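Here is a short tour for the bench. Please have the sequence and the 3D view open as you read.

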Amino acid sequence: MAVGFVCMVAFAVALAKVTLVPSPASVPLTHTNLHPGSSIRLYFNQPDWRDTIKQVGGNVVLGVPFGFLLPVLFPRTRGFVRVVLMTAFVMLTVEIAQGLLVAGRAFDIDDVILNAAGAFLGYLVLGRRLGRALHPRRVHWWRPRTESADEPARDAAVKKSRNQWVWAWRTRDARRTAGIKTSAMTKIKKMTRKQPAPKRLRERIPALLRAKRP
């Protein structure tokens with residue numbers, strides 16, 4: 001998790017440098033693209049295949065780290081659909097910032113599609129395994145949960161420990177109640193012993209007076 005966090009910070013810095021650094025020289029060459037597939041067809045139709053690999057492959061590679069890091073740092077984003085949607089949301093935000101704030105950059109919906117495809121590949125190759133290795137496996141509503149071999153023994157141990165704690169708690173309460181009752185009975189006995197004493201003394205006073213007469 002710590003290594004994944006460090007990698008995410010480094011990737012965020014690299015992503016900001018690649019996507020949010022102004023390029024004034026590219027202002028005449030950039031244009032906004034809101035039609036999915038338009039820029040991709042343009043990339044493949046150009047004669048220089050190296051530029052095609054650079055544009056298409058670069059956007060795909062830029063999305064691959066999302067497929068690695070999202071399942072590690074955010075367990076709830078595991079799954080092909082969730083990883084793709086999360087990556088598309090982040091890159092859509094980046095593209096909007098490019099189109100509105102950065103000179104020489106323009107909004108291109110095809111870049112978002114290629115980034116999401118890269119995240120899908122990254123999750124398929126390594127992100128799925130990392131997520132399962134670091135976090136418990138997700139339980140889907142369409143697939144019943146399968147119990148492991150040691151799960152019944154674990155449940156029995158938990159139940160035994162719970163029963164022991166309940167027994168200790170009840171025993172402590174019983175001892176406390178018994179102690180309160182014992183102390184109360186002791187006080188009552190002492191009080192009953194002290195109360196008849198003046199009566200016995202009054203009965204003995206006449207006898208003592210008669211014994212002292214000459």
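**Two helices to look at**

Helix α1 covers residues 2-19, and at 1.5 Å a residue its 18 residues should span 26 Å; the end C-alpha atoms are 26 Å apart, so expectation and model agree. Keep in mind that this is a predicted model. The points below start with the two sides of α1 and then turn to helix α5.

**Helix α1: inside and outside**

- The buried residues of α1 are G4, M8, F11, L15 and T19.
- Looking down the axis of α1, you will find these buried residues within an arc of 70°, so they line one face of the helix.
- Cover for the buried residues of α1 comes from elements including α3 (49-73) and α4 (80-101).
- Turn the helix around, and the face pointing away from the buried side of α1 carries the exposed residues A2, V3, V6 and K17.

**Helix α5: F120 and a nonpolar patch**

- F120 sits in helix α5, which runs over residues 109-134.
- With a relative accessibility of 34%, F120 counts as partly exposed, because that class lies between the cut-offs of 20% and 50%.
- F120 joins L121, L124, V125, L126 and L130 in making a nonpolar surface patch of about 490 Å².

**Helix α5: I113 and a partner far along the chain**

- I113 also belongs to helix α5, and its relative accessible area of 38% makes I113 partly exposed.
- In sequence, I113 and N59 are 54 residues apart, yet in space their C-alpha atoms are 8.8 Å apart.

Conventions:
Residues numbered from 1 in each chain as written. Predicted model: local features only at pLDDT ≥ 70, side-chain atom pairs only at ≥ 80, totals over all residues. Heavy atoms only, no water. Patch = residues over 30% accessible without salt bridge, like charges linked within 9 Å, V, L, I, M, F, W, Y side chains within 5 Å. Areas by Shrake-Rupley, 256 points an atom, 1.4 Å probe, with all protein chains shown as cover. Salt bridge = Lys/Arg side-chain N within 4 Å of Asp/Glu carboxyl O. Helix = DSSP H or I, 4+ residues; strand = E, 2+ residues; numbered from the N terminus. Buried < 20%, exposed > 50% of the residue type's maximum accessible area, 1.4 Å probe, protein only. Expected span 1.5 Å × (residues − 1). Arc of directions from axis to C-beta. Contact = heavy atoms within 4.5 Å.
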